[in-house]
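Got your viewer open? Load the model and we'll walk through it one selection at a time.

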Amino acid sequence: MADNKNISADSFANLNYESLIESSPNPIFSLDREYRYTTFNRAHANVMKALYGADIRIGHPLSEYQKIPADWKMAKANLDCVLAGETTHASGWTGGPETTRKYFDVHNFPVYAKTGEVIGILVFAIDTTERKRAEENVQKSEERHRTILQTAMDGFWLVDMQGHLLEVNEAYCKMSGYSQAELLKLRITDLEACESLEETAQHIEKLSKEGADRFESQHRRKDGSIFDVEVSIKYLPGEVPLGMGFFRDITEGKKIDRAIRESEYFFKESQKAAFIGSYKTDFIKGYWESSEVLDQIFGIDCNYNRSVQGWLDIVHPDDMGMMGQYLQDEVISKRKPFDKEYRI
């Protein structure tokens, strides 16, 4: 106890200082003007052992242990600035292989003598590896998603709940004839060719309640022409709710559908004018379909038995054997065109 009373104020301060840095979970160390260690805590010693396999010692230069040239070059550039009287802050990766490297935020402070001369450097480091890896993973994920969206064949929108376009991909630019910069100045209502302002607002409100929607619509190109789109849109809740939509240009498909419907219409009308019927039979599924005119010719209605047997029942009994054999041997087995006269 008597000895403790003889501890000087400077010695007590030094003890407190050493206790403080040793209790820190973050690496702390100091260097002289020759980059030689003057002090370090256990956390820093552990980091140097893990990254470089080094057992560091007081009086030995940092460069002796920091074996990776790029790491030492970066560290020395910052340390030289501190020796010139600057306080610096740097962040970066350090260490060996990618899997064991660490990312540190490093603060460097000059140590002054009573005369005002810089006699050393005090370094505080914070290990932010996990946060940095998480940030990089998010960034890589966003880059992958952005690449997928930009190279997708379908158009893409990201919109806010007021209908402003926030993001679009190249596919939708090609569909609409607008550049990306032009589209980002527009709203849904500037492109929507079917819905009124009120209907679009109601659609957005419905999306926020139901979470997703799928429908067909028409959009207006920059040149004023209209194209058909199939829309699949999803609501993204959050602090700033958004809508994410994908658009497929179905203009050509719509043209083909209209052409088929027109063709079928004229075919049916031609049959009625010429009083010629038609039918088709599916021998695998066991059913047949007939035109309205053929039903009139056969004298049957829509409730007639549409099984294959029901069709055969229409054939005259004297022709049944011939037709059955002909269908089996020629039409079904050899896939020959059907061209035969028979009685019903």
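Before the strands, a bit of vocabulary: two strands count as paired if DSSP finds at least two bridges between them. Keep in mind, too, that you're looking at a predicted model.

Select strand β6 (residues 155-160) together with strand β10 (residues 242-249). The two run antiparallel, joined by six bridges. Click on Phe 156 and then find its bridge partner in β10, which is Phe 246.

Keep β10 on screen and add strand β9 (residues 226-236). This pair is antiparallel as well, with eight bridges. Pick Val 229 and you'll find Asp 249 of β10 as its bridge partner. Now look at the link: β9 and β10 make a hairpin, with five residues between them.

Next stop, helix α5 (residues 69-83). With 15 residues at 1.5 Å a residue it should span 21 Å, and its end C-alpha atoms do sit 21 Å apart, so the two agree. Color Asp 71, Trp 72, Ala 75, Asn 78, Leu 79, Val 82 and Leu 83, which are buried. Look down the axis of α5: these buried residues fall within an arc of 145°, so they line one face of the helix. What covers them? Contacts to show include β1 (28-32), α3 (42-52) and β5 (118-127). Turn to the face away from the buried side for the exposed Pro 69, Ala 70 and Lys 73. Just after α5, stop at Gly 85, where phi is positive, about 105°.

Last, the cysteines. Cys 194 is partly exposed because its relative accessibility is 45%, while Cys 302, at 65%, counts as exposed. With a sulfur-sulfur cut-off of 2.5 Å, the disulfide count is zero.

Technical notes:
Residues numbered from 1 in each chain as written. Predicted model: local features only at pLDDT ≥ 70, side-chain atom pairs only at ≥ 80, totals over all residues. Heavy atoms only, no water. Buried < 20%, exposed > 50% of the residue type's maximum accessible area, 1.4 Å probe, protein only. Helix = DSSP H or I, 4+ residues; strand = E, 2+ residues; numbered from the N terminus. Expected span 1.5 Å × (residues − 1). Arc of directions from axis to C-beta. Contact = heavy atoms within 4.5 Å.
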